[in-house]
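Here is a short report on one protein structure. Keep the 3D view open as you read.

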Amino acid sequence: MKKTKLSKLVALMLVVVLAFTACSSKNNNKKDETPSTEDTTDGAATTDDTASDDTAATTKLKIAMVTDVGGINDQSFNQGAWTGLQKAEKELGVEVSYLESATEADYVSNIETLVDQGHDLIVACGFLMADTIKEAADAYPDQKFAIIDDSTNADLPNVSCLMFKQNEASYLVGVVAALMSETNKVGFVLGMSTPVMNQFGYGYVAGVLDTNPDAKVELYNANAFGDAAAGKAAAIQMFTNGADVVFHAAGGTGNGVIEAAKEQGKYAIGVDIDQAYLAPENVITSAMKRCDNAIYDLVEKMTKGEEIQGVQTYGMDNGGVDIAPTQDLLPEEVIAKVQEAKDKILAGDIVVPETQEQFDAKYGDVYTLD
């Protein structure tokens, strides 16, 4: 009798266990059927064909940026690029981040870190990272990279090179400097002498001399993008020598130029972004290099699955460079002259030099850096 009851109990327990197992198996199958997402280089997500619109998921593109030594708050080049990524995050729904480089030695480790984190695109701010990007692009052929101000890696299939006609915007601020100077002496502080950076100088000096052939331009190469003290010292020396307007293309080093203008009661011309907010009574304009527009454009192309490899050039004709919109300190006649020069550049009537050879052919040997 006891044996019979025990047999029935065992049988009942077996039924319960089988039922529980079946139920658990059914729940696991539901999880397996949930639409899966997979990261792709163009931002598209792959889902089960039977998934409904309500349950389909998309994967955000992950975009990261490595700054040069100027840092994210350089109030210039890096800040402009980061602004473009932030806009892309807000309007295009991508995920953005950055790593700062305190020294050039940080470039390799920062790039390696971002590769390991699995970003869809890694943006390098500046030509100083050209060698690092080449090595990384060769080592990680499936990783997409972009670099600002370098075209030496344009032949690599996973690198996009963002180039700018900074000589055009610099020409316009050269016109401003020549018209605003009361001493016929103006200055230019450069962050580093390279073919790309010298385009700022060629355009600026050309704009000054085309507007006032009698003007003198004092030039200085700081050989640094993050040394505000050096920029300030150079500008003070220029002001002491009689210059009353100084343009800088020097990243964070240029912040010292603006500080000197404030202290000396002189005029400064900013770069990359509209820097009038740094010294509203002294920064009369800025040569804008729209890294923000270029970065946003690049990310937008990625979200659409478009090809981004190779050189992409941004000039005055496609929103890549311009003079700053803040013009409160400029007389109407100066603004009119600037617009006239801009129209001529766009029409091809003014061809702004972008190489030493082109500059020397028209203006002679006057672009010599200290």
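Start at asparagine 198, which lies in helix H6 (residues 195-211). Helices here are DSSP runs of H or I of at least four residues, strands are runs of E of at least two, and both are numbered from the N terminus. This is a predicted model: local features need pLDDT of at least 70, side-chain atom pairs count only at pLDDT 80 or more, and totals for chains, interfaces and linings use all residues. Residues are numbered from 1 along each chain as its sequence is written, and side-chain values use heavy atoms, without hydrogens and water.

Asparagine 198 is buried, with a relative accessible area of 8%. Buried means under 20% relative accessible area, exposed over 50%, and partly exposed in between (1.4 Å probe, protein chains only). Leaving aside neighbours within four places in sequence, asparagine 198 is in contact (heavy atoms within 4.5 Å) with Leu190, Ser193, Tyr367 and Leu369.

Now the sheet. It is open, has 6 strands in the order S7-S6-S8-S9-S10-S12, and shows mixed pairing. Strands pair if DSSP finds at least two bridges between them. Strand S7 (216-221) and strand S12 (321-323) are the edges, each pairing on one side only. From one strand to the next, the twist averages 15°. Strand S6 (residues 185-190) pairs with strand S8 (residues 245-249) in the parallel sense over 5 bridges. Glycine 187 stands opposite valine 246 in S8. H6 packs on this sheet, touching S6, S7, S8, strand S9 (267-272) and strand S10 (283-289). The direction of H6 makes about 170° with that of S6. Axes are lines fitted to C-alpha atoms, for helices over the stretch in contact, and angles run from 0 to 180 degrees between N-to-C directions.

Next, the interior. A nonpolar core is a set of buried Ala, Val, Leu, Ile, Met, Phe, Trp, Tyr and Cys residues joined through side-chain atoms within 4.5 Å. The largest has 92 residues; Phe188 is among the six that touch the most other members. Helix H5 (residues 166-180) gives the most to this core, with 9 residues.

Last, the cysteines. A search of the whole structure finds 0 disulfides (pairs of cysteine sulfur atoms within 2.5 Å). Why is cysteine 125 not bonded to cysteine 291? Their sulfurs are too far apart for a bond.

| Cysteine | Nearest cysteine sulfur | Relative accessibility |
|---|---|---|
| Cysteine 125 | cysteine 291, 6.9 Å | 1%, buried |
| Cysteine 291 | cysteine 125, 6.9 Å | 1%, buried |
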